Amino acid sequence: MIPRIDLHTHSTASDGTLGPAELVRAAAEAGLDVVAITDHDTTAGWEPALRALPAGLRLVRGAELSCRWDGVEPAIPLHLLAYLFDPDAPELVAELARVRAARVQRGERIVALLRADGIDVSWPEILAGAGGGTVGRPHIAQALIRAGLVTTTAEAFGSDWLGERYRLPKEDIEVFRAVRLIRAAGGVPVFAHPRASRRGRIVPDELIADLAAAGLAGLEADHEDHSPAERAHVRGLAAELGLLVTGSSDFHGTHKTVRLGEFSTGPEAYERIVAASSGVIEVASG
């Protein structure tokens, strides 16, 4: 029987709606054999997920790093999934702390813009809703929903709200630096949803080739924000560059409709990730 492997999920340590312990229990209930916890720019969910790990489920510890490519103006934001890295690697720890602090500052500025336009949202309430996790636009989206201004997270991310009118740039990590930091920490970098044009601007294939030469290990192909043609393009590019291919739910709980395990990674790609890592080991319970 082929194992079910989902290598991209989020908990309340960033912008998911399930706590890390709830997340691993939900993964087991969904019939997964392997799940990765990949909260934005933080490892805060690792320990509670480990403590609650159900019997028979393997946990891959990771993070989704907020990055940017400076090859065009303005820079293009992108995300790298970092798997099985040392959470105490000093340079990476410092960079993640910087990005998290910048997220808080950006969130506060977005709320100030909303309030200046007469929109009654509360920054202390948004911080409380984040519960100490990495603050992101989904937390502001929830405040807009509570205020009755939008009905869904997707609507809050539309152009009238957080998608454009009230969108501010983040202080992300330069992408080649991010690849180097992940590798130096014994981790394995995979480009998250690289062809998701519905999310906004995408980077050229030439950049992905350069990243592969710099240490990028793989591309996430099967993702809800990729069309069938985009998935096929990513697979073809990965084959051309010798990169592994992953598929993942990018689960955020009730912030999204996608279910755990809706897209999955093949065992060969998973084994390549484990073999290439030297930061922390994958963990199985029972």
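This is a short exchange about how some residues and helix pairs in a predicted model earn their labels.

Reader: What makes D250 buried?

Author: The relative accessible area of D250 is 1%. Buried means under 20%. D250 is therefore buried.

Reader: Where does D250 lie?

Author: D250 lies in a loop. The loop runs between strand 8 (244–247) and helix 10 (267–276).

Reader: Which residues does D250 touch, leaving out those up to four places away in sequence?

Author: D250 touches H8, H10, E64, H193, R199, H223, K256 and V258.

Reader: Why is the link between D250 and H10 called a polar contact?

Author: The two side chains come to 3.2 Å. A polar contact needs a pair of N or O atoms within 3.5 Å, one able to donate a hydrogen and the other to accept it. The D250–H10 pair is listed as such a contact, side chain to side chain.

Reader: What about the backbone of D250? What is its phi?

Author: Phi of D250 is near 55°. That is a positive value in a residue other than glycine. Most residues other than glycine have a negative phi.

Reader: How do you know that H10 is buried?

Author: H10 has a relative accessible area of 0%. The cut-off for buried is under 20%. So H10 counts as buried.

Reader: Where is H10, and what is in contact with it beyond its neighbours within four places in sequence?

Author: H10 sits in the loop between strand 1 (5–6) and helix 1 (20–29). Its contacts include D15, T38, H40, E64, D250 and H252. The side chain of H10 also makes a polar contact with the side chain of E64, at 2.9 Å.

Reader: How do you know that S66 is buried?

Author: S66 has 0% relative accessibility. Buried is under 20%. S66 therefore counts as buried. Its place is in strand 3.

Reader: Which side chains make polar contacts with the side chain of S66?

Author: D41 makes one, at 2.7 Å. R103 makes another, at 3.0 Å. Both residues also appear among those that S66 touches, which include L78, H79, V99 and K170.

Reader: How far apart are S66 and A178 in sequence and in space?

Author: They are 112 residues apart in sequence. In space the C-alpha to C-alpha distance is 9.0 Å.

Reader: What makes L84 buried, and what is its phi?

Author: L84 has a relative accessible area of 0%. Buried means under 20%, so L84 is buried. Phi of L84 is about 55°, a positive value, although L84 is not a glycine. L84 is found in the loop between strand 4 and helix 3 (90–116).

Reader: Why is the peptide bond between E73 and P74 called cis?

Author: Its omega is about -5°, and the bond is cis. Most peptide bonds are trans. P74 is found in the loop between strand 3 (58–69) and strand 4 (76–83).

Reader: Why is helix 8 called oblique to helix 9?

Author: The axes of helix 8 (residues 205–214) and helix 9 (residues 228–241) cross at roughly 40° and come within 11 Å. Angles under 35 degrees count as roughly parallel, and 65 to 115 as roughly perpendicular. An angle of roughly 40° fits neither, so helix 8 is oblique to helix 9. The crossing is right-handed.

Reader: Which residues make that contact between helix 8 and helix 9?

Author: Helix 8 gives D205, I208, A209 and A212. Helix 9 gives H233, L237 and L241. By class, five are nonpolar, one is polar and one is charged.

Reader: Why is helix 3 called roughly parallel to helix 5?

Author: Helix 3 and helix 5 (residues 137–146) pack at about 30°, with their axes 10 Å apart. Angles under 35 degrees count as roughly parallel. Helix 3 is therefore roughly parallel to helix 5. Helix 3 passes helix 5 in a right-handed crossing.

Reader: Which residues make the contact of helix 3 with helix 5, and of what class are they?

Author: From helix 3 come R106, G107, I110, V111 and L114. From helix 5 come R137, I140 and L144. The contact has five nonpolar, one polar and two charged residues. Gly counts as polar, so G107 falls in the polar class.

How values were computed
Residues are numbered from 1 along each chain as its sequence is written. This is a predicted model: local features need pLDDT of at least 70, side-chain atom pairs count only at pLDDT 80 or more; totals for chains, interfaces and linings use all residues. Side-chain values use heavy atoms; hydrogens and water are left out. Helices (H or I, at least four residues) and strands (E, at least two) are DSSP runs, numbered from the N terminus. Buried means under 20% relative accessible area, exposed over 50%, partly exposed in between (1.4 Å probe, protein chains only). Contact means heavy atoms within 4.5 Å. Axes are lines fitted to C-alpha atoms, for helices over the stretch in contact, and angles run from 0 to 180 degrees between N-to-C directions. Angles under 35 degrees count as roughly parallel, over 145 as roughly antiparallel, 65 to 115 as roughly perpendicular and the rest as oblique. A crossing is left-handed if the near helix is turned anticlockwise from the far one by less than a right angle, and right-handed if clockwise.
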